[in-house]
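Work through the exercises below with the sequence and the model side by side. Try each task before you read its solution.

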Amino acid sequence: MKNFFSNIGKIFISFDVVDALVIIMFTLVFYYVFRILKGSNVKSVIAVFSALIVVTGIIFISNDEMSGATYMIIPLVMAGLVLVIFNVEVKRDILNMNSFNMHTEKQGHQTAVSKDEAERYSAEIIRALQNLSKDNIGALIILSNDNVPSQVLESGVVLDANISSQLIEGIFFPKAPLHDGAMIINNYKIQAAGCFLPLTQNVNIPKELGTRHRAGIGITETSDVIAFIVSEETGIITIAQRGKISRYADYDLLKKTLNDYYWKDLSANGRKRI
């Protein structure tokens with residue numbers, strides 16, 4: 001134990017640039033990991049990381065022959081583990097880094113809505129989804145927050161149209177020019193339609209879910225958006241968020257999801273939640 005504390009003292013006495021780099025790398029890795037884990041139920045992963053750090057730290061401190069540069073191995077190994085374990089989250093952050101929607105900035109995009117507006121938009125979207133579901137018409141609608149990758153928007157047709165159930169249903173009508181792609185709704189506008197989305201690589205997705213569902217799930221893995229998916233085979237409405245799906249979405253779940261989506265704007269204006 002005496003040697004242990006003695007070695008700790010030597011570390012501070014011989015503190016140099018390499019040690020500073022190690023501390024900085026540790027800080028960055030920890031910050032990124034805990035930012036990813038914020039609000040997630042992954043306590044076991046945190047425990048594994050913490051145990052790895054404690055055990056490795058004790059080994060290095062207790063060994064007099066270890067040089068300062070050797071400490072660089074620890075954060076480098078941890079960074080590699082982050083890339084492997086959290087590959088989806090890392091990919092999402094990289095894609096979102098420079099992918100904010102430039103079209104809305106140029107058009108003076110309205111970023112806040114009133115309670116009445118939010119209720120009207122929600123009602124129009126729900127009506128369209130339920131009508132499409134009843135008629136077994138496939139559809140894929142993305143609720144964006146000015147954060148859909150620019151390449152996705154550029155793959156479709158920019159509309160900048162007001163939200164209405166008639167327009168939504170018309171776009172997804174079979175054999176319509178844009179019915180196979182995704183519709184992007186950005187706050188109070190139907191921003192684009194006919195967009196192509198990245199497909200999820202998750203092998204645990206049920207086999208009965210086709211390309212439309214894989215595209216809806218895939219975009220939620222790489223961007224902080226919400227996807228509404230209507231199956232053309234069964235009419236089932238599915239909601240995807242952060243790579244997770246909720247199937248058989250009824251009116252109450254659709255309403256709650258849309259309320260949560262528009263709530264960010266209502267809270268910004270100090271209004272009550274709808």
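The exercises that follow go from the sheet to its helices, then to salt bridges and the surface.

This is a predicted model.

**Exercise 1. The sheet**

Task: Find the strand order of the open sheet, and name the strands at its edges.

Solution.
- Step 1. Trace the strands across the sheet. The order is β2-β4-β3-β1-β5-β6-β7.
- Step 2. Count and classify. The open sheet has 7 strands, and the pairing is mixed.
- Step 3. Look at the ends of the order. β2 (157-162) and β7 stand at the edges. Each has a single partner strand, so one side of each has no neighbour in the sheet.
- Step 4. Check the twist. Ignoring direction, neighbouring strands are turned by 25 degrees against each other on average.

**Exercise 2. Strand β4 and its partners**

Task: Describe how β4 pairs with β3 and with β2, and decide whether its residues are buried or exposed.

Solution.
- Step 1. Start with β3 (residues 182-186). It pairs with β4 in the antiparallel sense, over 4 bridges. Across this pair, N186 stands opposite K189 of β4.
- Step 2. Inspect the link. β3 and β4 form a hairpin, with 2 residues between them. In the turn, N187 has a positive phi of about 60 degrees.
- Step 3. Move to β2. This strand and β4 run antiparallel and are joined by 4 bridges. Here A161 has I190 in β4 as its bridge partner.
- Step 4. Judge the cover. In β4, 7 of its 7 residues are buried, so the strand is mostly covered.

**Exercise 3. Helices on the sheet**

Task: State which strands α7 lies across and which strands α10 touches, with the angle of each helix to β5.

Solution.
- Step 1. Take α7. It lies across β1 (139-144), β3, β5 (226-230) and β6 (237-241). Its angle to β5 is about 30 degrees.
- Step 2. Take α10. This helix packs on the sheet and touches β1, β5, β6 and β7. Its direction makes about 175 degrees with that of β5.

**Exercise 4. Placing H179**

Task: Locate H179, classify its exposure, and list its contacts beyond four places in sequence.

Solution.
- Step 1. Find the residue. H179 is in the loop between α9 (165-171) and β3.
- Step 2. Apply the cut-off. Buried means under 20% relative accessible area. H179 has 18%, so it counts as buried.
- Step 3. List the contacts. Leaving out residues up to four places away in sequence, H179 touches I171, F172, F173, P174 and R212.
- Step 4. Add a distance. A193 is 14 residues from H179 in sequence, and their C-alpha atoms are 8.1 Å apart.

**Exercise 5. Three salt bridges**

Task: How many salt bridges are there, and what do three of the pairs look like?

Solution.
- Step 1. Recall the principle. Side chains of opposite charge can pair when their charged atoms come close.
- Step 2. Get the total. The cut-off is 4 Å between nitrogen and oxygen. The count is 5 salt bridges.
- Step 3. Examine R127 and E124. Their side chains meet at 3.2 Å, N to O. Both residues lie in helix α7 (residues 115-134), 3 residues apart, about one turn of the helix. R127 is partly exposed at 38%, whereas E124 is buried at 16%.
- Step 4. Examine D260 and K256. The closest N and O atoms of this salt bridge are 3.0 Å apart. The two residues are 4 apart in helix α11, about one helical turn. D260 is partly exposed at 33%, and K256 is partly exposed at 47%.
- Step 5. Examine E208 and R247. Their side chains form a salt bridge of 3.5 Å, N to O. E208 is in the loop between β4 (189-195) and α10 (211-222), and R247 is in the loop between β7 (244-246) and α11 (251-268), so the pair ties together parts 39 residues apart in sequence. E208 is exposed at 58%, while R247 is partly exposed at 25%.

**Exercise 6. A nonpolar patch**

Task: Which residues make the nonpolar surface patch of about 280 Å²?

Solution.
- Step 1. Name the members. The patch is made by L21, I24 and L28.
- Step 2. Place one of them. L21 is in helix α2 (residues 17-37).
- Step 3. Test its exposure. Patch residues need over 30% relative accessible area. L21 has 42% and is partly exposed.

Conventions:
Residues are numbered from 1 along each chain as its sequence is written. This is a predicted model: local features need pLDDT of at least 70, side-chain atom pairs count only at pLDDT 80 or more; totals for chains, interfaces and linings use all residues. Side-chain values use heavy atoms; hydrogens and water are left out. Patches are made of residues with over 30% relative accessible area and no salt bridge: like charges are joined within 9 Å, nonpolar side chains (Val, Leu, Ile, Met, Phe, Trp, Tyr) within 5 Å. Accessible areas come from the Shrake-Rupley method with a 1.4 Å probe; for residues, only the protein chains shown count as cover. Buried means under 20% relative accessible area, exposed over 50%, partly exposed in between (1.4 Å probe, protein chains only). Two strands pair if DSSP finds at least two bridges between them. Axes are lines fitted to C-alpha atoms, for helices over the stretch in contact, and angles run from 0 to 180 degrees between N-to-C directions. Contact means heavy atoms within 4.5 Å.
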